[in-house]
Amino acid sequence: MANVVVIGAGLGGLPAAYELRHLLPKEHTVTLVSDKSEFTFIPGLIQVALNLKPLAHVQVGLAQLAQRHNLNWVSGQVTALAPSAQRLTVEGHGIIAYDYLLIATGASLALDLIPGLGPHGGYSHSVCTPDHALEARQAWLAFLENPGPIVVGAAPEAGCFGPAYEFALMADQELRRRGLRDQVPITYVTPEPYAGHLGVSGVNQARELTADLMQERGIEVIDNATIAAVETDAVTLADGRQLPFSYAMILPAFQGAQFIRAVPGLGDEKGFIPVLPTQRHPEFANIYAAGVSVKLTQPDVTPVPIGLPKSGQMAEAMATAAAHNIAVDLKAIKAKPQVPTLEALCFAEFGDTGIAYIAAPVLPDPKTGQRKRSYAVRGPWVVWVKAAFEEYFMLKIRFGVGMPWYERLGLRSLFGLQLLKDVSAPSQAVATDSESLAS
Ligand SMILES: Cc1cc2nc3c(=O)[nH]c(=O)nc-3n(C[C@H](O)[C@H](O)[C@H](O)COP(=O)(O)OP(=O)(O)OC[C@H]3O[C@@H](n4cnc5c(N)ncnc54)[C@H](O)[C@@H]3O)c2cc1C
């Protein structure tokens, strides 16, 4: 009788808990620990911030999901972990003992790296958490009454750029719809080496399509930029340039959760967790990690440092592999361990059009620098597919489904993506840091 504990009920953690519950016999317990009482479909938060949909549309209560799907739910923040004792401390709850642990705590936001970076006590907004999106929405509504320049962008070492493009281009569309666009210059400021890099270089057509769209919509791009400070009404760059704003949305750098940073040998200096291709920690055999909390190194050396984006689909694939491999370890299933291929598809919504970015895999082969496939395509259909995918995802979360075979089949037949493979299968894809650690 094992207790498998999953920390974090986001895009990786909740599907992993479902997958574990599905794979493990009833005598094993699956415990889900979350510092939030709702599951949130994070990609929907940009529309929430721009007042295009209510937050409730992208949330479901975890207590009710856990009860319906036989998960032992613990509400509270994990504040400490003792791998040798196999225990963790949950604020307001106490100690939990585990046999296996899956860490899927996503990103902790490094807001204090830049003076004045908001939202907590700063002057810019963010869309990274439900609270941030609500605060950003309140400020957006006030801004619409008194419009002025907008600055949208990302801090050095940000681990995700798609949401910043989406925010800039959706804001543009919304301002046009309201007849306000001519009063609002929009500037996109980014550490990326060029518009359309998005943290993943060399994706065919990504640069051309993204740069054309920014130009078409009259959005000024400042690339290779280091934001040094945010003041009440201006962003200051390291080269001294000042970008005045009436509204600013800046994505912060990402790091791992505080409790990870406090355990010697668990994570790197930023709190990201190294894993073997099976998602298992190289030192702590019963600890697995998935999603944004995993250490994946950006292979590009750029003038301003940037993180490597870990998409929702990558998070889910890592989490599914981890759940599968824990079930194999517990001898609940007879199967080979699985590894995520890190092949990624990302639908970015830009108002009346969108771009689908495909990088298979996200990390190119370290020897050849090549990917199996990569391309970007633009069209209004991307917006429809993204909306449909959100509905589908929320439905499967309600029904307690992880990453089912028909989803994998659909991605394979429509986009040629294979998300998971047996550990013994030859793979160019699993070129993570973990391989060097493992060897
Ligand atoms: C605004 C935005 C838009 C995005 N849009 C897209 C998109 O269009 N497509 C795409 O593929 N990806 C998108 N992404 C990326 C995607 O959201 C992430 O890849 C995905 O959420 C990662 O899943 P995760 O499980 O690692 O982390 P999360 O989904 O962030 O979940 C982590 C969970 O752990 C909880 N947690 C953290 N610390 C603790 C603790 N100490 N104790 C207990 N619980 C804790 C958090 O509260 C959270 O619920 C977007 C990201 C952002 C910020």
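Which residue stands opposite Val152 in E12? In this predicted model, the partner is Tyr188. The legends below take you through a few close-ups.

**View 1. A four-stranded parallel sheet with a helix packed on it.**
Start with the sheet that holds the pair you just met. Its four strands line up in the order E13-E12-E11-E17, with parallel pairing, and the sheet is open. Out at the edges sit strand E13 (219–222) and strand E17 (247–251), each pairing on one side only. On average, neighbouring strands here are turned by 15 degrees against each other, if you ignore direction. Strand E11 (residues 150–154) and strand E12 (residues 186–189) run parallel and are joined by four bridges. Now look for helix H5 (residues 162–177): it packs on the sheet and touches E11, E12, E13 and E17. The direction of H5 makes about 160 degrees with that of E11.

**View 2. Tyr247, a buried residue in an edge strand.**
Zoom in on strand E17, where you will find Tyr247. Is Tyr247 buried or exposed? Tyr247 has 23 C-beta neighbours inside 10 Å, so it counts as buried. Skip the neighbours within four places in sequence, and Tyr247 is in contact with Ala139, Trp140, Phe143 and Ile150. Ala142 is worth finding too: it lies 105 residues from Tyr247 in sequence, yet the C-alpha atoms of the two are 9.7 Å apart in space.

**View 3. The shell around the ligand.**
Here the ligand takes centre stage, with 36 residues surrounding it. Which of them are the closest? They are Gly8, Gly10, Gly12, Gly106 and Gly291. Sorted by kind, the shell has 19 nonpolar residues, 14 polar ones and three charged ones. Strand E2 (29–34), helix H2 (45–49), H5 and helix H8 (312–329) each put in at least two residues. H8 gives the most, with three residues. If H5 rings a bell, that is the helix packed on the sheet of the opening view.

**View 4. Helix H6 and its two sides.**
Helix H6 covers residues 206–216, and Ala206, Leu209, Thr210, Leu213 and Met214 are buried in it. These residues sit on the same side of H6, because they cover an arc of only 130 degrees around the axis. Turn to the face pointing away from that buried side and you meet the exposed residues Glu208, Gln215 and Glu216. What do the buried residues of H6 pack against? Their partners are H5, E12, E13, strand E22 (354–360) and strand E23 (373–379). Just after H6 comes Gly218, with a positive phi of about 70 degrees.

**View 5. Strand E21 and its hairpin with E22.**
Strand E21 (residues 344–349) is mostly covered, with six of its six residues buried. Side chains in a regular strand alternate between the two faces of the sheet. In E21 both faces are covered: Ala344, Cys346 and Ala348 are buried on one side, and Leu345, Phe347 and Glu349 on the other. E21 pairs with E22 in the antiparallel sense, over six bridges. One pair to pick out is Glu349, which stands opposite Gly354 in E22. The two strands make a hairpin with four residues between them, and in the turn Gly351 has a positive phi of about 95 degrees.

**View 6. Asn224, in a loop between two strands.**
Follow the chain from E13 to strand E14 (227–230) and you pass through the loop that holds Asn224. With 15 C-beta neighbours inside 10 Å, Asn224 counts as partly exposed. Apart from its neighbours within four places in sequence, Asn224 is in contact with Pro191, Pro193, Pro303 and Val304. Gly61, by comparison, is 163 residues away from Asn224 in sequence and 41 Å away in space, C-alpha to C-alpha.

**View 7. A three-stranded antiparallel sheet.**
The last close-up shows an open sheet of three strands in the order E14-E15-E16, with antiparallel pairing. E14 and strand E16 (242–244) are the edge strands, each pairing on one side only. Neighbouring strands of this sheet are turned by 20 degrees against each other on average, again ignoring direction. Three bridges link E14 and strand E15 (residues 234–237) in the antiparallel sense. Which residue in E15 is the bridge partner of Val230? Look for Val235.

Terms used. Residues are numbered from 1 along each chain as its sequence is written. This is a predicted model: local features need pLDDT of at least 70, side-chain atom pairs count only at pLDDT 80 or more; totals for chains, interfaces and linings use all residues. Two strands pair if DSSP finds at least two bridges between them. Axes are lines fitted to C-alpha atoms, for helices over the stretch in contact, and angles run from 0 to 180 degrees between N-to-C directions. Two residues are in contact if their C-beta atoms, placed from the backbone, lie within 7 Å. A residue is near a molecule or strand if its C-beta atom, placed from the backbone, lies within 6 Å of it. Ala, Val, Leu, Ile, Met, Phe, Trp, Tyr, Cys and Pro count as nonpolar, Asp, Glu, Lys and Arg as charged, and the others, Gly among them, as polar. A residue is buried if 20 or more other C-beta atoms lie within 10 Å of its own, exposed if 12 or fewer, and partly exposed in between; C-beta atoms are placed from the backbone. The arc is that of the directions from the helix axis to the C-beta atoms.
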